[in-house]
Amino acid sequence: MKSRLYILPLLLMIGCLFFIATNRKKGDDYAEKHLTVVLRDIGHQLLLHAKDSSSRVLPIKQINENTFEIAFQSKFTFVSDTLIALVHRRLKSTNLPTEYIVNVIDCGNKELIFAYEVSKKTDSILPCLGRQQDVGCYLIQIEFLRAETLAFSNYLLLLIPLGLIGFILKSNFIKDKKVAENDVVPAERDYIAIGQYAFYPEKNSLKYGTENIELSEREAKLLSIFAVNLNQLIERERLLKEVWEDEGVFVISRNLDVLVSKLRKKLQKDELVKITNQHGKGYKLEVLKEEE
């Protein structure tokens, strides 16, 4: 009798697997087209940052199962920070994998010009920040470290028979088992340490001890730039461009001063964290060392 209880869930599982197999090709085709659009947009935005609005982004090339290449019609220049920010922001706004390696290759001699890795397991590696690359012919290759080939909805279908089997097992073998609320504690590690603050760029927030400090979107953008360029002077023109980029509005220099003033107030709890101004040039986020 007990064996018959498993027949229906097993039949449902077989049906779900058949459905996934017949629909997988359609899902893969859509995912590939969507990825092509996203990668072409990254290339387009990179050219706009190089003040090139006429050159074309060439067709996206798939190097292997997880690696894709962006090529360009003309030579251009780029800042490493801008490339990192563009790729991160564009992939974050989609359902694409968020762990990847980016390689920038010289078209002529095929030498590696710049590379970085975004990964939770090994920690992100972002070298050579703030460097302006020479004008040249570049290929940008993005390798996704965890490519998902099945749509999320397909996995949900498998949960139906698995849930039924789990219900049967629970009713027969683990009726008295309870899951303690404190057994699962989410680890919040996606933050940047700034003195005694923990900055969560994905959440637009700061934490000072147990106190949570909300940031506006522009405040978070500005602090992100400061955080990856700690103790380095950032030019006013660059800050204006990256904080207000692509918004299609006229921005006056005074807007930056007001935004910095607001951010200073939210960082004033730690006396060792300072945003200093070099008149006429730009700003610097400094984390001072405690005096012994």
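Modeller: One definition up front: helix axes are lines fitted to C-alpha atoms over the stretch in contact, and angles run from 0 to 180 degrees between N-to-C directions. Also, keep in mind that this is a predicted model.

Colleague: Fine. What does the secondary structure of the protein come to?

Modeller: The chain has 292 residues, and 34% of them count as buried. Of the contacts with a separation of 6 or more, 59% link residues 24 or more positions apart. As for secondary structure, the tally is six helices and twelve strands.

Colleague: Let's do helices. How far apart are the end C-alpha atoms of α2?

Modeller: Helix α2 covers residues 80–92, which makes 13 residues. At 1.5 Å a residue it should span 18 Å. The model agrees with that, as the end C-alpha atoms are apart by 18 Å.

Colleague: And which residues of α2 are buried?

Modeller: Buried here means under 20% relative accessible area. In α2 the residues that pass are Ser80, Asp81, Thr82, Leu83, Ile84, Leu86, Val87 and Leu91.

Colleague: On to α4: how far does this helix reach from its first C-alpha to its last?

Modeller: There are twelve residues in α4, and 16 Å is expected at 1.5 Å a residue. Its buried residues include Leu222, Leu223, Ile225 and Phe226. The reach in the model is close to the expected one, at 17 Å.

Colleague: Are α4 and α5 parallel or oblique?

Modeller: The axes of α4 (residues 217–228) and α5 (residues 236–243) come within 10 Å and cross at roughly 135 degrees. Roughly antiparallel would need an angle over 145, and roughly perpendicular takes 65 to 115. The crossing therefore falls in the remaining class, which makes α4 and α5 oblique.

Colleague: Is that crossing of α4 and α5 left-handed or right-handed?

Modeller: On the α4 side, Arg218, Lys221, Leu222, Ile225 and Phe226 do the meeting, and on the α5 side Arg238, Leu239, Glu242 and Val243. By class, this contact has five nonpolar, no polar and four charged residues. The crossing is right-handed.

Colleague: How are α5 and α6 placed to each other?

Modeller: Their axes are 10 Å apart, at an angle of about 85 degrees. Arg236, Leu239, Leu240 and Val243 of α5 make the contact with Ser253, Leu256, Asp257 and Leu259 of α6. That contact divides into five nonpolar, one polar and two charged residues. The angle is within 65 to 115, so the two helices are roughly perpendicular.

Colleague: How many nonpolar residues has the contact of α4 with α6?

Modeller: α4 and α6 pack at about 80 degrees, with axes 10 Å apart, and are therefore roughly perpendicular. From α4 come Arg218, Glu219, Leu222, Leu223 and Phe226, and from α6 Leu256, Leu259, Val260, Lys262, Leu263 and Lys266. No polar residues take part, four are charged, and the nonpolar ones number seven.

Colleague: Last one: is Lys51 buried or exposed?

Modeller: Most residues other than glycine have a negative phi. Lys51 has a positive one, near 65 degrees, and lies in the loop between α1 and β1. A residue counts as exposed over 50% relative accessible area, and at 79% Lys51 is therefore exposed.

Technical notes
Residues are numbered from 1 along each chain as its sequence is written. This is a predicted model: local features need pLDDT of at least 70, side-chain atom pairs count only at pLDDT 80 or more; totals for chains, interfaces and linings use all residues. Side-chain values use heavy atoms; hydrogens and water are left out. Helices (H or I, at least four residues) and strands (E, at least two) are DSSP runs, numbered from the N terminus. The expected span of a helix is 1.5 Å times one less than its number of residues. Buried means under 20% relative accessible area, exposed over 50%, partly exposed in between (1.4 Å probe, protein chains only). Angles under 35 degrees count as roughly parallel, over 145 as roughly antiparallel, 65 to 115 as roughly perpendicular and the rest as oblique. A crossing is left-handed if the near helix is turned anticlockwise from the far one by less than a right angle, and right-handed if clockwise. Contact means heavy atoms within 4.5 Å. Ala, Val, Leu, Ile, Met, Phe, Trp, Tyr, Cys and Pro count as nonpolar, Asp, Glu, Lys and Arg as charged, and the others, Gly among them, as polar.
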